[in-house]
Amino acid sequence: MSKTDDVQDDWQPIDRSTCIHHADRETEFICTGCEEVFCRECVTEKMVNRHTFHFCEQCGCRCESYDPTERYAFLTDSTSSSDSFFNALMESWKYAFNPRGAGVVIGGAVFLLVMGTLSMAPLVGFIISIFVSLYVTAFIPQLINASADGEKDMPGWPDTTYFSDDIVQPAFQIMMVTAANLAPALIYRYYFMESSGGVDGIYLCLFGIGLFFLPMNLLSVTLNDTMAGLNPVFVILSIAKVWKDYLLLAVISLGIGGLIHLNAFVYQIHFIGIFLGNVVSLYLLLIEMRMIGLLYYHNRLSLRWFSESPSR
Ligand SMILES: [Zn+2]
Ligand SMILES: [Zn+2]
C-alpha cells in the first residue's frame with residue numbers, strides 16, 4: 001500500500017475547533033500561510049491606527065479571525081501556488097467585470113467627473129482637488145491589502161469617517177513611496193541635465209529603476225504599514241526571493257503604465273471623453289494594485305514578511 005492510500009483511508013474532515021497548541025482553548029485565528037488554527041495567545045498582535053492585525057508565530061503570515069462557517073479563499077483556492085501567478089495576473093483583468101467591480105469603477109468615474117467640475121470653482125476648487133487626490137490615493141492600500149489577503153471581491157471606496165487615519169495617512173504614505181521612487185530621475189532632470197526639455201540615458205536609467213522598484217515598494221510599505229518598508233535591503237531581498245514572479249509583474253506594470261499614458265487621448269474626445277477617460281484610468285489603477293497584492297498572496301510563504309519586521 002502506498003503512502004497516498006494511507007492518507008485516503010484515514011481521511012476525515014479537519015477539526016479546526018481548538019488551537020493546535022492548546023487542545024482546551026477554542027480557535028480564534030486561522031493563518032493564511034500555514035493554514036493552522038490558534039488561540040489568541042498563540043498569535044502576535046500588532047496595532048496599526050485603530051486596526052489590530054494578527055500574525056502567525058510559526059510561518060510569519062497574517063492570521064484572520066476564525067469563523068467555522070466561512071469558506072476561506074486560501075483554503076479553497078487551489079490556484080494559490082506560485083506557478084500559477086501568471087494565470088492569476090491574467091484573471092486580474094476581469095477584476096472589475098462583475099456588478100461590484102463595475103459599480104466601484106463607474107461610481108468612481110462619476111465622482112471624479114463631478115469633483116473635477118467643482119474643482120474649477122475659485123478658491124474652494126483647490127481644496128476639492130486636494131481632497132479628491134487624497135481620497136483616490138487612499139483606495140490604493142485598500143486594494144493591495146484585499147488582494148494580498150486572497151480576497152476575490154473588490155473592496156468598496158474608502159470610508160471618510162476617520163478622515164485623518166483612513167484617508168490622509170494612507171494616501172500620504174502612497175504619495176511618499178511614489179515620490180521616493182521617482183525623485184532621483186526628477187532631481188537629475190531638473191538640476192543636472194543640460195537641456196531639461198528632452199531626455200537622456202541617465203535620466204531614462206534612473207526613471208526605469210524607480211519604476212522597477214515601485215510595485216515592491218508599494219507592497220512593502222502598505223503591508224508593513226510603515227515607511228521603513230522602503231528599506232532597500234529588505235526590498236531587494238524580497239525581490240530576490242520571488243524574482244521570476246516579480247519580473248513578470250514589472251513587465252506587465254510597465255505595459256499598464258503605457259496604457260495609462262495612452263489613455264490621455266481618450267480625454268480628448270468631446271463630452272463623453274472625461275468620463276470614459278476616468279473609467280479607463282480607474283480600471284487600470286485597480287488592476288495594477290490587484291496584481292501587486294496578488295504578488296504577495298501567491299508568494300506569502302516565500303516572503304515570510306511578518307516573521308521579522310523590516311524595521312528590525
Ligand atoms: Zn502560519
Ligand atoms: Zn494556543
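Author: A nonpolar core is a set of buried Ala, Val, Leu, Ile, Met, Phe, Trp, Tyr and Cys residues joined through C-beta atoms within 7 Å. The model discussed here is predicted.

Reader: Which residues touch the most other members of the largest nonpolar core?

Author: The largest nonpolar core has 60 residues, and those with the most contacts to other members are Cys63, Val105, Ile144, Leu218, Leu219, Leu286 and Leu295. Helix 10 contributes the most to this core, with 13 residues. At least three residues of the core come from each of domain 1 (13–76) and domain 2 (81–303).

Reader: What does leucine 219 touch, not counting residues up to four places away in sequence?

Author: Leucine 219 touches Ile144, Ile292, Leu295 and Tyr296.

Reader: Why is helix 10 said to be largely enclosed by the rest of the structure?

Author: A residue is buried if 20 or more other C-beta atoms lie within 10 Å of its own. In helix 10, 22 of the 31 residues are buried, and the helix is therefore largely enclosed by the rest of the structure. In the protein, buried residues make up 31% of the 312 residues.

Reader: How does the reach of helix 10 from its first C-alpha to its last stand against the expected value?

Author: Helix 10 comprises residues 273–303, and its reach of 42 Å is close to the 45 Å expected at 1.5 Å a residue. The helix nevertheless has a kink of about 40°, centred on tyrosine 297. Arginine 304 follows helix 10 and has a positive phi, near 45°.

Reader: What makes isoleucine 140 count as buried?

Author: The cut-off is 20 or more other C-beta atoms within 10 Å. Isoleucine 140 has 24 C-beta neighbours inside 10 Å, and therefore counts as buried. Isoleucine 140 belongs to helix 5 (residues 124–148). Leaving aside neighbours within four places in sequence, isoleucine 140 is in contact with Ile174 and Met289. The C-alpha atoms of isoleucine 140 and tryptophan 157 are separated by 9.8 Å, the two residues being 17 apart along the chain.

Reader: Why is glutamate 35 called partly exposed?

Author: Partly exposed residues fall between the exposed limit of 12 or fewer and the buried limit of 20 or more. Glutamate 35 has 15 C-beta neighbours inside 10 Å, so the residue counts as partly exposed. Its place is the loop between strand 1 (29–31) and strand 2 (37–38).

Reader: Is leucine 123 buried or exposed, and how do you know?

Author: Leucine 123 has 7 other C-beta atoms within 10 Å, so this residue is exposed. Leucine 123 lies in the loop between helix 4 (99–118) and helix 5.

Reader: What is notable about phi in glutamate 35 and in leucine 123?

Author: Most residues other than glycine have a negative phi. Glutamate 35, which is not a glycine, has a positive phi of about 65°. Leucine 123, likewise other than glycine, has a positive phi near 60°.

Reader: Where does pLDDT stay under 50?

Author: The stretch is residues 1–11, for which the model has 1 contact beyond four places in sequence. Among the elements, helix 1 (residues 3–9) has the lowest mean pLDDT, 42, whereas helix 8 (residues 232–241) has the highest, 96. The protein averages a pLDDT of 86, with 89% of the residues scoring at least 70.

Conventions. Residues numbered from 1 in each chain as written. Chains lettered and ligands numbered in written order. Predicted model: local features only at pLDDT ≥ 70, side-chain atom pairs only at ≥ 80, totals over all residues. Helix = DSSP H or I, 4+ residues; strand = E, 2+ residues; numbered from the N terminus. Expected span 1.5 Å × (residues − 1). Bend = angle between axes of the 7 residues up to and from the residue. Domains from an automatic or database assignment. Contact = placed C-beta atoms within 7 Å. pLDDT = per-residue confidence, 0-100.
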